[in-house]
Amino acid sequence: MKQAIENLIYYEIEQQTIRQRDYMYVKNQLYYLIGLEPSYEIMTPQQINHPSDALNQILDTLEKSGRLDGSVQARDWFDAKLMNVFALLPSMLEYQFNHLSSDHKMGWLYHYAQALNYIRMDRILKNQSYTYQSPFGHLEITINMSKPEKDPKSIANALTVKHNVYPKCLLCKENEGFSGNPSRDQHRLIKFDLAGESWYFQYSPYIYYNEHAIVLSDEHRLMHVDQTTFRNLLLLTDIFPGYFFGSNADLPIVGGSILTHDHYQGGKHHFPIEKASVIKSYTYHDLTVEMIHWPLSTIRIRGHHPEKIVQLADRFLKQWLTYNHDALNIKAYTHDERHHTMTSIARKRDEIYELDLVLRDNHTSKEHPLGIFHPHADKWHIKKENIGLIEAMGLAILPKRLMSELTEIKAYITDHKPLNKASMIHQNWIDEIKDTIDINHIDQAINEAVGQVFEQVLIDCGVFKLNNEGKDAFDTFIKAVLS
Ligand SMILES: [Zn+2]
């Protein structure tokens, strides 16, 4: 245990989270938290690759002694306390961040969150990722192994926790340093000004793509999509150069996971949607408007002046909110219930601002009770959740369970091994694909088959399908806004 503590301290010195001068202070604090008697014993530190290499040893020992109850939740709760010993106070962190050059500050902060184990890189590196070549260009598929599995003990513990009293939600600024559940002791925010309002920047602890960031409003208030959204997203691309920013839609089943707190996601990653080709281009004053070749109906506005883009995007939004097309099943309202909204994404490419508007329709039918333009039931065995911002841009985040189910499916196809109960949800799909699978390249073949399902999921979500009728209607819609 003492060796693990020594290794951890030297790892943090190496990562420049702390300095050699801080050694005694940090050691005394860690010993106290763990319940060890400090001594003059001298140890030679050993190299570790992630904080978890040392933390796991410490946590295992504490579990054996009965101090931790054996749940993942208890482990995460305790190691956050240990790592917080290494962390700067928020004001000091902001001071350092603000005094770095714009070329270095984001990389520094990203690295800092990893070194403090707020981003648990050891878990994220277990994710399985590959690309799938679709008619829309390559799509990205990730099977997410990094979110800790909910073990029965953590689930039982969760039942006794009071919900959303303080902090009101998982995004609220009050999570900074929050010591409850989930434990956010070493979580730090960077406060900044967004169009005269206080906002906060943080990295997502789950990192679905490079430098996956979240910005959140100071106030705990509902997500909303209007011209302020478009303006904020474009402004953010200037505040955090090299990052894209996107907003989830503001209706419940469209796919954003947290609607109760106004926020956007961003990061340093080029998503498949960016590389989509252009079906048709239009000119509006000095702006370029494009209908892009993408399964979800997307309008791209490009230009040098953000405010002009905002004004045009707002016209598209207003038109979309009341747009109906009976033959295509597009419906804006049922009585008072609104069905239409947008997922929007901003980026800056070679000094030109771009705003993507992804049209979303939430209405349901007897045939598709969970949404006509949401993933249909025949694909739920791969992905049941609705499609939010990240997936709308072409990156599938698939559940961990799929990993073992796909292994089962491969054994079923190659060795006729019967499926276990969990994998039976894939039976129809397997029957459909098994004759086309090349069993000499089974891994690649199954990856491609999964990619194809994701492609079909995205097609389900498109309101104007890319057939002649859909494209004509989409074209008419765009022209009506531009006229
Ligand atoms: Zn909140």
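## Worked exercises

Strands β6 and β7 run antiparallel and are joined by three bridges. The model you are looking at is predicted, and its local features need a pLDDT of at least 70, side-chain atom pairs count only at pLDDT 80 or more, while totals for chains, interfaces and linings use all residues. Residues are numbered from 1 along each chain as its sequence is written, and side-chain values use heavy atoms, with hydrogens and water left out.

**Exercise 1. Find the strands that pair with β7, and decide whether its faces are covered or open.**

Step 1: Start with the vocabulary. Helices (H or I, at least four residues) and strands (E, at least two) are DSSP runs numbered from the N terminus. Two strands pair if DSSP finds at least two bridges between them.

Step 2: Look for partners. β5 (residues 213-217) pairs with β7 in the antiparallel sense over four bridges, and β6 is joined to β7 by three.

Step 3: Pick out single residues. Ile214 has Gln265 in β7 as its bridge partner, and the partner of Phe245 in β7 is Gly266.

Step 4: Check burial (buried: under 20% relative accessible area; exposed: over 50%; partly exposed: in between; 1.4 Å probe, protein chains only). Five of the five residues of β7 (residues 263-267) are buried. His263, Gln265 and Gly267 lie on one side, Tyr264 and Gly266 on the other, so both faces are covered.

**Exercise 2. Follow β6 onward to β13 and β14, and describe how these strands are arranged.**

Step 1: β6 (residues 244-247) pairs with β13 in the antiparallel sense over three bridges. Here Phe245 stands opposite Ala346 of β13.

Step 2: Move on to β14 (residues 352-361). β13 pairs with β14 over 10 bridges, again in the antiparallel sense, and one bridge puts Ile345 together with Asp356 in β14.

Step 3: Inspect the turn. β13 and β14 make a hairpin with two residues between them, and Asp350 in the turn has a positive phi of about 50°.

Step 4: Count burial. Because eight of the 10 residues of β13 (residues 340-349) are buried, the strand is largely enclosed by the rest of the structure.

**Exercise 3. What are the donors of the zinc ion, and what is the geometry of its site?**

Step 1: Donors are N, O and S atoms within 2.8 Å of the metal (3.2 Å for Na, K and Ca); water is not among the atoms, so sites may look incomplete.

Step 2: Cys169 (SG), Cys172 (SG), His220 (ND1) and His261 (ND1) coordinate the zinc ion at 2.1 to 2.3 Å. Along the chain, their spacing reads C-x2-C-x47-H-x40-H.

Step 3: Compare the angles with the rule. Four donors count as tetrahedral if all angles lie between 85 and 135 degrees; four count as square planar and six as octahedral if opposite donors are over 155 degrees apart and all others between 65 and 115; anything else is irregular. The angles among the four donor atoms run from 99 to 122°, and the site is tetrahedral.

Step 4: Finish with accessibility. Cys169 has a relative accessible area of 8% and is buried; Cys172, at 3%, is buried too.

**Exercise 4. Test whether the span of helix α12 agrees or disagrees with its number of residues, then see what surrounds the helix.**

Step 1: The expected span of a helix is 1.5 Å times one less than its number of residues.

Step 2: α12 (residues 401-415) has 15 residues and should span 21 Å; its end C-alpha atoms are 21 Å apart, which agrees.

Step 3: Among the buried residues of α12 are Leu402, Leu406, Lys410 and Ile413. Using contact (heavy atoms within 4.5 Å), the buried residues of the helix pack against β2 (137-143), β15 (395-398), α13 (427-433) and α14 (442-461).

Step 4: Zoom in on Lys410. Beyond neighbours within four places in sequence, Lys410 touches Asp415, Ile442, Asp443 and Ile446.

Step 5: Look just past the helix. His416 follows α12 and has a positive phi, near 55°.

**Exercise 5. Which side chain makes a polar contact with the side chain of Asn362?**

Step 1: Asn362 sits in the loop between β14 and α11 (389-392), and at 9% relative accessibility it counts as buried.

Step 2: A polar contact is a pair of N or O atoms within 3.5 Å; within protein, one must be able to donate a hydrogen and the other to accept it, and residues adjacent in sequence count only if both atoms are side-chain atoms.

Step 3: The side chain is that of His374, at 2.6 Å.
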